[in-house]
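Me: I have a chain and its ligand to go through. Let us take the terms one at a time.

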Amino acid sequence: MSNATREILRSRVVKTSCHHNIASFYVARSPVRSKRLNHVPRVWMAAKHFDHSKNISTSSSISSLSSQELQTGTERSTSTPLSILPTSYLLRSLFVSSVTSKPYLLSPSLSILSFLSQPHRIALLSTDRNPVLHWIVKRLLYDQFCTGENAAEVQKVMKEMHKFGFLGVILTYAKETTFDHKSKKTEVPGSVLQQVDDAGKLQCAEIETWRAGTLQTVYMCSDGDKIALKLTGAGPTVTEAFAAGQLPSKQMLDALDEICEAARENKAQIIIDAESQHFQKGIAKTAVMLMKKYNTQKAPLVIQTYQCYLKRTRDGLAKDLAKAAQEGWSIGVKLVRGAYMSTDERSRIHDTKEDTDKAYDGIVRDLLRRDGDGFKGLGKPGNTPWPEMSVFLATHNKNTVMAAHKLNQQMVAEEGAKAVPLEFAQLHGMADSVSFSLLNAKNAQGEAPKVSKCSTWGSLGECLAYLLRRAVENREAASRTQDELDALRAEVKRRMFSFGR
Ligand SMILES: Cc1cc2nc3c(=O)[nH]c(=O)nc-3n(C[C@H](O)[C@H](O)[C@H](O)COP(=O)(O)OP(=O)(O)OC[C@H]3O[C@@H](n4cnc5c(N)ncnc54)[C@H](O)[C@@H]3O)c2cc1C
């Protein structure tokens with residue numbers, strides 16, 4: 001990106017941004033704590049060149065582990081994967097896991113969270129306007145799963161994640177839209193406001209707000225980090241196009257171009273998240289278009305998400321792999337099981353959890369081995385060859401990640417640098433025992449697998465829908481939550497006994 005382009009980009013972010021998060025970003029980073037917009041370019045540079053190597057100060061989450069605590073943590077016995085966690089974080093994780101593992105505590109908690117997440121609550125019941133409510137939800141829940149409400153908070157957490165040994169952070173801007181297949185209701189984060197830009201063209205204010213928020217997310221990332229995009233966060237004009245299976249408007253496509261170029265400049269990657277099925281056809285179309293345009297190098301800039309709980313995912317992936325090979329672009333494959341079971345059409349989803357597991361693990365195995373039998377004969381003599389690809393497993397399932405890591409090690413031993421690159425990610429505040437077990441699974445050269453933590457930033461109000469989904473997910477994964485709870489309890493016990501000694 002040329003200096004001139006960057007200057008235009010900066011001034012456009014400043015001129016059109018009307019979101020309070022963006023305002024707090026400016027305020028948080030400005031040396032004089034002024035809201036005056038002419039301070040922003042300096043701020044932008046400060047964020048962009050954020051130094052990940054400096055020490056950090058203490059506070060109360062993973063997210064907020066001090067360098068001193070961290071040092072003690074690493075030097076402490078690493079007999080359990082969780083021994084690296086600060087005690088304050090460990091205790092909050094134990095509290096959250098205890099609540100989510102007990103139906104009689106979780107059900108009322110979910111009802112309260114669902115009530116609070118409805119828009120337009122009176123001030124007393126609004127987490128963004130009632131400071132006491134804000135404090136309680138933020139300390140108990142938000143800090144467990146989210147990065148921060150402004151740039152200062154976000155960057156502190158990101159720095160600490162890097163210090164834990166994670167490759168990077170996958171950062172998401174919280175705004176999104178969900179569609180409930182049963183009630184046919186769309187939860188939209190705003191109305192279709194129009195505003196006039198400098199050239200006198202009508203612009204959708206929702207897209208503009210999303211663009212500015214997402215660009216700020218990009219500027220908070222650096223080498224090794226990724227930006228996960230929830231495209232429905234751009235509001236009704238975009239979701240209408242997606243619901244019709246179409247690409248979004250030119251305004252949105254221009255915004256995506258800016259975001260991809262800024263990410264390339266910052267050496268961060270872009271992940272297109274998979275969302276409600278109602279919107280997914282349009283989202284997938286957009287993702288493929290972006291991969292074709294930006295994945296010109298061996299390592300993809302844009303990564304597309306495939307939901308393995310859907311019966312048709314293997315076929316869709318086979319099509320994209322063939323298209324990538326035929327058109328000469330590299331494909332970034334992020335595999336998830338799928339997070340929209342409670343709202344998506346059930347008949348499209350595998351009948352049982354075991355079927356979803358088989359589908360997920362089978363796709364992982366075939367991709368890592370480049371076995372084309374299940375992908376319409378890809379790579380077989382006379383057929384389309386395999387494209388350049390990298391695989392990214394976003395899952396908390398310990399069996400899946402450990403088996404995939406083992407297979408990857410085997411493939412590296414057999415194929416060396418030609419083996420399919422593999423990365424892992426878990427959500428911030430969840431499955432820490434899986435993340436740290438992976439980081440401990442080093443090879444003979446002492447290299448750990450590439451693991452990232454995925455986190456969301458945004459105001460507490462904006463993050464409530466995300467927090468609600470995390471809570472529902474914990475309810476639906478009772479056995480995994482129990483494993484996590486057991487690991488947390490074991491670590492707390494270990495510390496209590498070593499303290500007494
Ligand atoms: C870093 C990260 C990024 C993510 N990004 C996305 C994303 O972009 N889009 C998205 O949709 N999800 C996303 N998810 C969530 C993911 O899809 C899963 O909901 C979540 O991770 C739980 O699945 P699991 O593989 O971790 O664990 P498991 O506990 O092994 O699997 C639980 C999952 O199995 C499936 N399942 C459960 N019961 C049944 C059943 N009866 N029949 C069929 N299937 C069943 C569901 O998908 C459920 O979520 C992400 C997760 C992570 C960790």
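Me: What share of the contacts in the protein chain, between residues at least 6 apart in sequence, join residues at least 24 apart?

Reply: The share is 75%. Two residues are in contact if their C-beta atoms, placed from the backbone, lie within 7 Å. This is a predicted model: local features need pLDDT of at least 70, side-chain atom pairs count only at pLDDT 80 or more, and totals for chains, interfaces and linings use all residues. Numbering starts from 1 along each chain as its sequence is written.

Me: What makes a residue buried, and how much of the protein chain is buried?

Reply: Buried means 20 or more other C-beta atoms within 10 Å of the residue's own, with C-beta atoms placed from the backbone. Of the 501 residues, 44% are buried. In α11, the buried residues are M252, A255, L256, E258, I259, C260, A262 and A263.

Me: Why is α11 called a helix?

Reply: Because a helix is a DSSP run of H or I, at least four residues, numbered from the N terminus. Helix α11 covers residues 250–265, 16 residues in all. From first C-alpha to last it reaches 22 Å, close to the 22 Å expected. The expected span is 1.5 Å times one less than the number of residues. Just after α11, K267 has a positive phi of about 60°.

Me: Which residues come nearest to the ligand?

Reply: D273, V336, R337, A339 and A394, out of 28 around the ligand. Elements giving two or more residues to this shell are β9 (302–307), α14 (353–369), β12 (422–427) and α17 (460–476). The largest share, three residues, comes from β12.

Definitions and conventions:
A residue is near a molecule or strand if its C-beta atom, placed from the backbone, lies within 6 Å of it. A residue is buried if 20 or more other C-beta atoms lie within 10 Å of its own, exposed if 12 or fewer, and partly exposed in between; C-beta atoms are placed from the backbone.
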